[in-house]
Amino acid sequence: MRPILLKGHERPLTQLKYNKDGDLLFSTARDKIVNVYYSHNGERLGTYVGHQGALWSVDVDPTSTIAATGAADNTIKLWEVRTGRCIHTWNFPTAVKVVQFNEDGNMLLAITEQRMGYQGTVYVFPVTIDVDAPQSEEPIIKFSSPENKFTKAGWSYLNKWIITGHLDGCVSKYDAKTGELLLKVSVHEKEVTDLQFAPDMTYFITTSKDKTARILDTKNLKVMKTFVADAPLNTGAITPRKDFVILGGGQDAKDVTTTGSRQGKFEARFYHKIFEDEIGRLKGHFGPLNHIAVHPAGSGFASGGEDGYVRVHHFDKSYFDFLYDVERMRPE
Amino acid sequence: MPARIEDTARTILDTVVVVDGAPIVTEKKVDALTKVLKKLFSEAGRVREDGFYMPIGPDGKSKGYVFIGFETPEQADNAVRGLNNKRLDNKHTLLVNKFTDIEKYGDDDEEEEEYIAPPEEPYIEQEYLRSWLKEPNAVDQFILYKGESVGVFWNRKSEAPEDIVNRGNWTETYVAWSPLGTYLCSVHHQGVQLWGGDEFGRKARFVHPGVQLLDFSPCENYLVTWSPEPIQLMPEDSPMRAAFPFTASDEGKQIVVWSVKTGMPVRTFSSSVGQDNERGPGPQGPKKISWPAFKWSSDDKYLARVVPGQQIFVYETPGMGLLDKKSIKIEGVVDFEFSPAVIKGTGKKDEPEHVISYWTPEISNQSARVTLMTIPSKEVIRTRNLFNVAECRLHWQDKGAFLCVKVVRFTKTKKSTFTNLEFFRLTEKNIPIEVVELKDTVINFAWEPAGDRLVIISTSDAPAAPAAPVATPGARPAAAKIPGMPGPGGAVKTLVSFYGLERSKGVNGQFRQISTVERKSSNSIFWSPKGRVVVVAAVGGTSNNTGELDFWDFDFEGEKKEIPGAEEVPANLALMATGQHYQLTDIEWDPTGRYVATSSSMWGRAMETGYRIWDLKGLLLREEHVERFKQFLWRPRPHTLLTKDQQRDVRKNLREYSKVFDQEDIAEESQASKELIAQRLRLLEEWRAWRKAVDAELEEERGGIVPLAFKSGDDDDEIIEEIVEEVIAEKEEEIED
């Protein structure tokens, strides 16, 4: 599994995103640009230039027509995927940490940072998937959680709920139509650093600085699986096709200079989703992993690190052949 | 008598103590004795001007008892507490009582009371303290100290260790086992506590405020503690006073020797030696002390400490008096060691005796010298003169059969050093000495337990000669546990050499080098307690090589390699495995020699703390990362009760035994794997059942409407073929016609 090393950014990576077909890979970093690559060979399709601050988040609609980005310049921008033209900008009082399209591609979820007296807020905007159509300035709903900061958020299936992760390790479930808090559970001991859904959005994985990752049931936020790592985790993803999860993290960036790279735990770790065992590790980055995205077909994954590199991996045959004895005994 | 006068008389009588058991001396020596006793009793309080009366018989001899009057009754009380049963010398022990008590209890005028037998105390069964040894498979226990909690666990090899007891804040600083594993010691500001038995109930308390260091005698009869705070008595009226085990004579002392069985102090000592007999000049400031302060003979009978440059004090248990009432004066003495066992044929009457070895450096015109002396007869049985000595280290083999003196010597230019190993053979007649000369400086040395093979680590880029193991107050005890371990480094390239004793036809030959490995970063040697296997490791430091572990087998069961020059050495050395535990700080073999635990403690400033358990072949069995991990300690075992013949039988029939154990292991493993498979099956079934339910539910809720994100376009993967031409080689050939 020889990775393709993408050197498109000059600053630490913040998010990676495959489009629905898996042929394009979007990456954001703190260097104010968005890069789009062909995922199969790493060739760069283009760069979206326009943001004035570090980028935190990117998403692309299911038809791969429009991409949305959230940045530290307090804006969300919509881009035409094909040409890299900025087609709309929403302004906010604080930085935008997360942007995400819903499963129909007609709504965009965003969360803004709690800072300078402004509360962290969840917004939902209506989006028209047409590069020439005007976009609505007003959100459908917005709500905030004054007592604890949002760190991550995501849509559930059927656009029913919005799941949010918090600074204190809690995970909450809000009604996507009314913004009402339905359920809140304490899942981690420290900050929730990532929240990624399974393909059908019925369960999701959360990672935390407390060195654990957990799989929760979207419906009742029950913890179903727990994965224990030996380093703070920044990101985790669920792989389609195989029952694995891939976790990434490592020592905090600020501590890295005080130790050797072998101490940093900058590896992508593979765990078995059902048995919770660690199966393997993949070395490569020389800084903590900030984000991992899995190819929608489960044929590969990409990792972005604090070191500014994106590594795109295509799984080998042995990856697909790997099965536990009990899985062989009881094939599905 | 008017009441007032009687009161006064009572008060005066209250200040008088009667001393019995004093020596009976002739007229000439009365003055001397008076002086000694006055001085002794002035420790307890001020003796009144006319308060000393020693009756003299008609023959001019003293009668063996003395009356002493103090200024206050409290001082008299003090004298009774502090000096009763005081051993004046070998024959005389003082019995001190208050005059009024003698009157009260001994007065015949009082009505004769009938003797009433004291009620018999009910027999309370004491808990059996060695129950852990009954484990049929000889599974060992260990302590894990992490964060604030101390737990004792059964070793379950690669499985998670099994909890026996786990307590928060069990100790304030660190924990330790007693040397035979009977007690777990916790250290608190108020003192030391011992815990034992199945449930680890409290078995003893030793009140010693500010205690920091502790050391047991080899047979667990005595405990030595040290505190930087000199003992201070509490005020008389303090409620704590009754529980405080010390008396006025203990004030200002810092080292206490305790009897483990009674829980009472046996004797107290000052930290700074030499002021033992006279009172020290007030509290000593915190300074480096060498620990353990006392070295014990193997049977707990003697304990000794050295005053560098002057003398060795040897004390005798249980009385804690000086052996023969005097110290052994040795000019210039630097260090000494007790033999780890009694040595046959050393005593005058051919009784086995203990041996101490000590060395003195070059002083004025005298050469440096290593001396062996028997204890208690104090006979010098062997000396060895040495020249150009920088430093000596005395390494006894654990059965006392050999003593290796590691002599660091200066070269002629005095600019660099090299090392001589002087082997004393104590089992042979006249104790012959063999010298092995090495070019390099030896930084570590270790004998095979109960064997005659050894491992040496040396280096040519000689660092400064390692200082004697010194425990700074407050330092963790483990640092003092591995004497001679070089400090953090590991960057220094070292040479690891293996030696063995030639043996042909049962006759001991010479020590020969079996093998040597260059360019290592190892600095520490850890022999299996059963011998044969040794782990050579790089402990401490931050370089990339730190934590390297080499597992060597001295009796490798395979083709024997002939080593030129060492054909007669019964050994076949092989490197079984290597491992690494980055930034490890401690290594410990379990007491049976089956497992090795390596740990990285937060005390050792390791970035990533935790422990690993390896088997003796160097196979990693278990690895656990533990936040705020502090200590890993195997529970020691007492010495075997099998006789030598029985042990030999066991060794002879080892194959028979191992068959049974192998079967048990296989059965256990298959049981464990069966359980694991069952567990996984259950997880798999549960997950699939849940997925099925969720899928069905989702299907129903969606009602057949597929959102954009799941709509499939053209499902067929487009296959892009890329043809790359690559020129592998181009060659031009001229063809002549």
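Helices (H or I, at least four residues) and strands (E, at least two) are DSSP runs, numbered from the N terminus. The model is predicted: local features need pLDDT of at least 70, side-chain atom pairs count only at pLDDT 80 or more, and totals for chains, interfaces and linings use all residues. Residues are numbered from 1 along each chain as its sequence is written, and chains are lettered from A and ligands numbered from 1 in the order in which they are written.

Select residues 282-312 of chain A. This stretch is 0% helix and 52% strand, with its end C-alpha atoms 12 Å apart. In an unreviewed UniProt entry it carries the feature "repeat: WD", as do residues 6-47, 48-89 and 185-226 of chain A; such annotations may be inferred rather than shown by experiment.

Next, show the A/B interface. Here 23 residues of chain A are in contact with 19 residues of chain B (C-beta atoms, placed from the backbone, within 7 Å). On the chain A side, helix 1 (261-264) and helix 3 (325-329) each give two or more residues; helix 3 of chain A gives the most, with three.

Then move to chain B and select strands 8, 7, 6 and 42. In that order they form an open, antiparallel sheet, where strands pair if DSSP finds at least two bridges between them. Strand 8 (162-168) and strand 42 (629-634) of chain B each have a single partner strand, so one side of each is left without a neighbour in the sheet.

Finally, zoom in on strand 6 (residues 141-146) of chain B, joined to strand 42 of chain B by five bridges. Ile143(B) stands opposite Leu633(B).

Conventions. Two residues are in contact if their C-beta atoms, placed from the backbone, lie within 7 Å.
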